[in-house]
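Work through the exercises below with the structure open beside you. Try each task before reading its solution.

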Amino acid sequence: MAYGGSIAGSAMLAAVLTAAPAGSAFAQEAEAEAEAEERAALSTVLFGSLEAGPAKTFVSLGMKTALTGALAGSGVRALLKVGGAQEQAQRQRPRGLAYKTESQALIGYEWRIGDAFLSLYAGSDHEGEYREWRNGILYRNRYGARLQGDLWMTPMPGMMLHASAYASTLDHRRWGRAAPGWLLPRGWLSQDVYAGPEVEAYRAGDYTKLRLGLHLTGLRLFGVVWRLSGGWQRTSDRPSEAYATLGVHWLR
């Protein structure tokens, strides 16, 4: 799967497609070679996400960079992420508001095994919290350690699988997401886009959350790659409700 675009790769691809009949094997082979050269030069990916539900909104930004090699191969990686959330401070009225910030600084290694990418990271985990209570205001900072793993693979032609998980010492947090997807016909999109189900689970102390939904992954628009997902979630402190997530990433 190719991301972004290089001037040289785009120029080469345009020249090949101009010279070859549309849909020919030669043009498709040249396109694949151009995209492979484009991927080989990339060393940093910028990413962001927006999650929205009736009781909480969360925004995050981050960066993954190759400290050795390039993102198309194996090597040492650094991962930085910051985020912020607004949510209800308590379930009963008056609910009040809580504002949280988080940040992670991780380092790890990513292995490329054929068309699969497997990575493992470890590092720091921080959370800041500002919470309005009936009898006052709470403000605190907490620090911990995080272990995180990510997997991207294409187990068969026309299928992808993305899985991520982490464990943090903050509240003994555990989180995981798995999302298989199948390639949509290119006739109406003219690009490789995958769609399929997703399942996500989270636990922190005595709080739990389970999400079941659908995702659309790989849509390229405005120079970035998009992921859209939505579905139904159930938590330990609220009735079942809808959720929606928007994710973007930009490789450089």
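**Exercise 1: A salt bridge between strands**

The side chains of Lys 100 and Glu 87 form a salt bridge, with N and O 3.7 Å apart. The model is a predicted one. Task: find which strands this pair ties together.

Solution.
- Step 1. Place Lys 100: it belongs to strand 4, residues 97-113.
- Step 2. Place Glu 87: it belongs to strand 3, residues 75-88.
- Step 3. Combine the two. The partners sit in separate strands, so the bridge ties together parts 13 residues apart in sequence.
- Step 4. Check the cover of Glu 87. Buried means under 20% relative accessible area. Glu 87 has 14%, so it counts as buried.

A general point helps here: side chains of opposite charge can pair when their charged atoms come close.

**Exercise 2: More salt bridges**

Task: state how many salt bridges the model has, then describe those of Arg 177 and Glu 200.

Solution.
- Step 1. The count comes to 17 salt bridges.
- Step 2. Arg 177 bridges to Glu 198, and their closest N and O atoms are 2.7 Å apart.
- Step 3. This pair links distant parts of the chain: Arg 177 is in strand 8 (residues 173-183) and Glu 198 in strand 9 (residues 194-204), 21 residues apart.
- Step 4. Arg 177 and Glu 198 are both buried.
- Step 5. Glu 200 meets Arg 211 in a salt bridge of 3.8 Å, N to O.
- Step 6. Here Glu 200 lies in strand 9 and Arg 211 in strand 10 (residues 207-221), 11 residues apart.
- Step 7. Both Glu 200 and Arg 211 are buried.
- Step 8. Some bridges share partners: Glu 127, Arg 142, Asp 171 and Arg 173 are joined this way into one network.

**Exercise 3: A nonpolar patch**

Task: find which strand gives the largest share of the nonpolar patch on the surface, then follow Leu 147 to its bridge partner.

Solution.
- Step 1. List the members: Tyr 109, Trp 111, Ile 113, Leu 118, Leu 120 and Leu 147. Together they have about 560 Å² of accessible area.
- Step 2. Strand 4 and strand 5 (116-133) each supply at least two residues.
- Step 3. Strand 4 gives the largest share, three residues.
- Step 4. Leu 147 lies in strand 6, residues 136-156. Its relative accessible area is 46%, so it is partly exposed.
- Step 5. Its bridge partner is Ala 167 in strand 7.
- Step 6. Widen the view. Strand 6 and strand 7 (residues 159-168) pair in the antiparallel sense over nine bridges.
- Step 7. The two strands form a hairpin with two residues between them. Gly 158, in the turn, has a positive phi of about 80°.

**Exercise 4: Two residues under cover**

Is Arg 77 buried or exposed? Ask the same of Phe 58, then list what each residue touches.

Solution.
- Step 1. Arg 77 lies in strand 3. Its relative accessibility is 0%, so Arg 77 counts as buried.
- Step 2. The Arg 77 side chain makes a polar contact with the side chain of Glu 110, at 2.9 Å.
- Step 3. Beyond four places in sequence, Arg 77 touches residues including Lys 64, Leu 71, Leu 106 and Tyr 121.
- Step 4. Phe 58 lies in strand 2, residues 56-66. At 12% relative accessible area, Phe 58 is buried.
- Step 5. Beyond four places in sequence, Phe 58 touches Ser 49, Leu 50, Glu 51, Gly 83, Gly 84, Ala 85 and Glu 102.
- Step 6. Return to Lys 100. Phe 58 and Lys 100 are 42 residues apart in sequence, yet 9.1 Å apart in space, C-alpha to C-alpha.

Methods. Residues are numbered from 1 along each chain as its sequence is written. This is a predicted model: local features need pLDDT of at least 70, side-chain atom pairs count only at pLDDT 80 or more; totals for chains, interfaces and linings use all residues. Side-chain values use heavy atoms; hydrogens and water are left out. Helices (H or I, at least four residues) and strands (E, at least two) are DSSP runs, numbered from the N terminus. Buried means under 20% relative accessible area, exposed over 50%, partly exposed in between (1.4 Å probe, protein chains only). Contact means heavy atoms within 4.5 Å. A salt bridge is a side-chain nitrogen of Lys or Arg within 4 Å of a carboxyl oxygen of Asp or Glu. Patches are made of residues with over 30% relative accessible area and no salt bridge: like charges are joined within 9 Å, nonpolar side chains (Val, Leu, Ile, Met, Phe, Trp, Tyr) within 5 Å. Accessible areas come from the Shrake-Rupley method with a 1.4 Å probe; for residues, only the protein chains shown count as cover. Two strands pair if DSSP finds at least two bridges between them. A polar contact is a pair of N or O atoms within 3.5 Å; within protein, one must be able to donate a hydrogen and the other to accept it, and residues adjacent in sequence count only if both atoms are side-chain atoms.
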